Amino acid sequence: MHGGNGAFAGWSEPGTWRSAIARHDGLTVAFDGWLSNRADLLRQLGLASDTPVALLYCHALKSWGENADTMCDGHYAAIATDGETLRLARSPLAAPPLHWRRCNSLVAAASLLRSLEIPGYGALGQLDTGLQAAALAGDQDYSARGWYTETHRVPLGQAILVRPDQGRAENVWRYPGPNIADTPDGNHVRAIRTLLDRSVASAIDGHAAVALSLSGGLDSGLVADSALRSADDLPGERAFKAWCYAPEKGAATAPPGDWVTDEAQAAEAFTQFHEGSIELDIVRAEGTDFRAPLDDLLAISRCAPREMALVYQLDRCMARAAAAGCTVMLGGDEGNSTISASGSWAYRHWFRSLQWRRLAKELRLRQNDRRPLWRRLASLVLRPMMPSRRDAKATERYFADLGIARGARQSLGLDDSRWLRHQFTSKARPPDPRETAELLAAEDDLGRSDALKALEARHGLPYRDPTITRALTEACLSLPASAFLKDGETRHLARELARGAMPEEQRLRQLPEFGPADARARILRARPELLAELELMAEHPEIPRVIDTMGMAERLRELDGKAELTPSDQAFCSAGLPAAIAAGRMIARSSGSNSI
């Protein structure tokens, strides 16, 4: 969308013909995303039930002004203009990306960077390789910094006002952070289920052909069950199709210990449990690797956040869903922050609040923990409460796995980043709800939204995660510790929500999921091509300043001779190497090189 003295244009929602642009009372709005409390907003504003979401947001701005984003709950990016100024807003916790730039007397904004490549107004500028390195490292201190020197980003949970004739943007709204109200111990399952159901129903509102991204875990199963129950309450029939990504047969590997590496069997059991209400397709993508969609995604997004090379599993599922005629896909990616939080902070809570009898009981009943009671107390309570210390070896291993060049680390001060400090401390404790609230209020999505938006644009299919809407998140953060950890059972809330929604084996499963479990096999198969690409990157004038190309190549050569992979090896295969390759390609393309 363009504002100021320029043209004006909006986008259309992927997978539909519905326009996402609306005008009302001198205000024009373009809206990307969905509202989880749409029904409440329509009622409060006195609007008809078929009011388009862009027009609804337009009315909200007219009625509530800068408080509109406090009233709206969902995942959205919104652009509004009165012809003189441009108001850019993103919902907190999760939202589509929103980029903007100045072009003389014109201000342009869009969810996709390539939409800002406006003829006659110059290129986006130089790729910010510093931001590229920070994004690879997971540093969240640069939420408003653009991927290019001529662009900017709108942080999560903020609204800014841009005037074409001024050199700066004015912040007009900021998410204050989750509103946490301590609730007494009790049965909270019904209330949380109601909020989850509302989010799911809103996410699929208006879509007749719903696709489900299904694993063998709790979160995606709870979303799928809620979607099925939502369909039962509506006239007519809805088609639910599900896709589960699974590793190549015989290729799954995981770190030492007990892990679930192939979720196909659990996903099949889930669909059988629901008596054929879901058609399941297992996607193994034999013979491919993370590079398959990468060039297309980079061309669409014009940026390379770490997740850009990690979404190839979802890419394969979305491709099949789009080919099957589905118009929206649901997932449960962020459930670990809300409905299925483990409750690991509860041990410290009971210790500090002198509930020692309760603490002793929970430590004693802790499932799959064969350590003596005193060791459980030391590990889960006492050690996390001690002053943390910097773990130099963990720091070096972390950056080596991600392949970030030492020069970039030093110039950006990544080792001392406040966001990464927790990552580099030994025995870092799981955050309690209030610490989680502070993190969520200030968190940057590290470009993950750019990766999802590129997938949506590639397949014409919106992807929605109803497990982290604001109302649901704040309700979960307000629950007592016993809601998540009870009688030795972690993720207690999710397991209670799952009663009757999935097979008991799946509901009670304690083993963690690991993926992509076949990353090593796929990478080893492509090793000659990957080594050749790293060698080309090493000769580029900019890439080695960001990526340790020689170090990554050495790690890749050593990989084949290892009989058993360490967690560090797995991180290198599943995240570090793919993300480094994506970043290198983006740096090369931004400099005009097509040889990489």
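Select arginine 302 to begin, which sits in the loop between α8 and α9; these labels follow DSSP runs numbered from the N terminus, helices being H or I runs of at least four residues and strands E runs of at least two. The phi of arginine 302 is near 65°, a positive value in a residue other than glycine. With a relative accessible area of 23%, arginine 302 is partly exposed, where buried means under 20% relative accessible area, exposed over 50%, and partly exposed in between, using a 1.4 Å probe and protein chains only.

The model is a predicted one, in which local features need pLDDT of at least 70 and side-chain atom pairs count only at pLDDT 80 or more, while totals for chains, interfaces and linings use all residues. Residues are numbered from 1 along each chain as its sequence is written, and side-chain values use heavy atoms, with hydrogens and water left out.

**The loop after α8**

Move next to cysteine 303, in the loop between α8 (294–301) and α9 (312–323), which counts as buried at 0% relative accessibility. Not counting residues up to four places away in sequence, cysteine 303 touches Leu113, Trp147, Leu298, Met308, Asp450 and Met586, a contact being heavy atoms within 4.5 Å. Select arginine 585 as well: 282 residues separate it from cysteine 303 in sequence, yet the two are 9.8 Å apart in space, C-alpha to C-alpha.

Alanine 309 is found in the loop between α8 and α9 too, and it is buried, with a relative accessible area of 0%. Its contacts, not counting residues up to four places away in sequence, are Phe290, Leu294, Pro578, Ala579 and Ala582. For a wider view, add asparagine 104, which is 205 residues from alanine 309 in sequence and 35 Å from it in space, C-alpha to C-alpha.

Within helix α8 itself, select leucine 298, a buried residue with a relative accessible area of 1%. Leaving aside neighbours within four places in sequence, leucine 298 is in contact with Cys303, Ala304, Met308, Ala582, Arg585 and Met586. On the other side of α8 in sequence, the loop between β13 (279–283) and α8 holds alanine 285, whose phi is near 45°, a positive value in a residue other than glycine; alanine 285 is buried, with a relative accessible area of 12%.

**Helix α24**

Now select residues 567–590, the 24 residues of helix α24, which reach 33 Å from first C-alpha to last, close to the 34 Å expected at 1.5 Å a residue; the expected span is 1.5 Å times one less than the number of residues. Where is the kink in α24 centred? Look at cysteine 573, the centre of a kink of about 40°, the bend at a residue being the angle between axes fitted to the seven residues ending there and the seven starting there. Because 20 of its 24 residues are buried, α24 is largely enclosed by the rest of the structure. After the helix comes glycine 592, with a positive phi near 90°.

**Helix α23**

Step back to helix α23, residues 549–559, and colour Thr549, Met552, Ala553, Arg555, Leu556 and Leu559, which are buried. They cover an arc of only 160° around the axis, which puts them on the same side of α23, the arc being that of the directions from the helix axis to the C-beta atoms. The elements covering these buried residues include α13 (392–402), α20 (519–525), α21 (527–538), α22 (543–546) and α24.

**Helices α11 and α12**

Select residues 356–365 for α11 and 373–385 for α12, whose axes come within 10 Å and cross at roughly 110°. That makes α11 roughly perpendicular to α12, a description that applies from 65 to 115 degrees, whereas angles under 35 count as roughly parallel, over 145 as roughly antiparallel and the rest as oblique. The contact is made by Leu359, Ala360, Leu363 and Arg364 of α11, together with Leu373, Arg376, Leu377, Leu380 and Val381 of α12. Axes here are lines fitted to C-alpha atoms, for helices over the stretch in contact, with angles running from 0 to 180 degrees between N-to-C directions.

**Helix α2**

Finish at helix α2, residues 53–64, where Ala54, Leu56, Tyr57, Cys58, His59, Ala60 and Leu61 are buried. Among the elements covering them are β2 (21–24), β3 (27–35), α1 (38–45), α3 (68–71), β4 (74–81) and β5 (86–90). Just after α2, glycine 65 takes a positive phi of about 60°.
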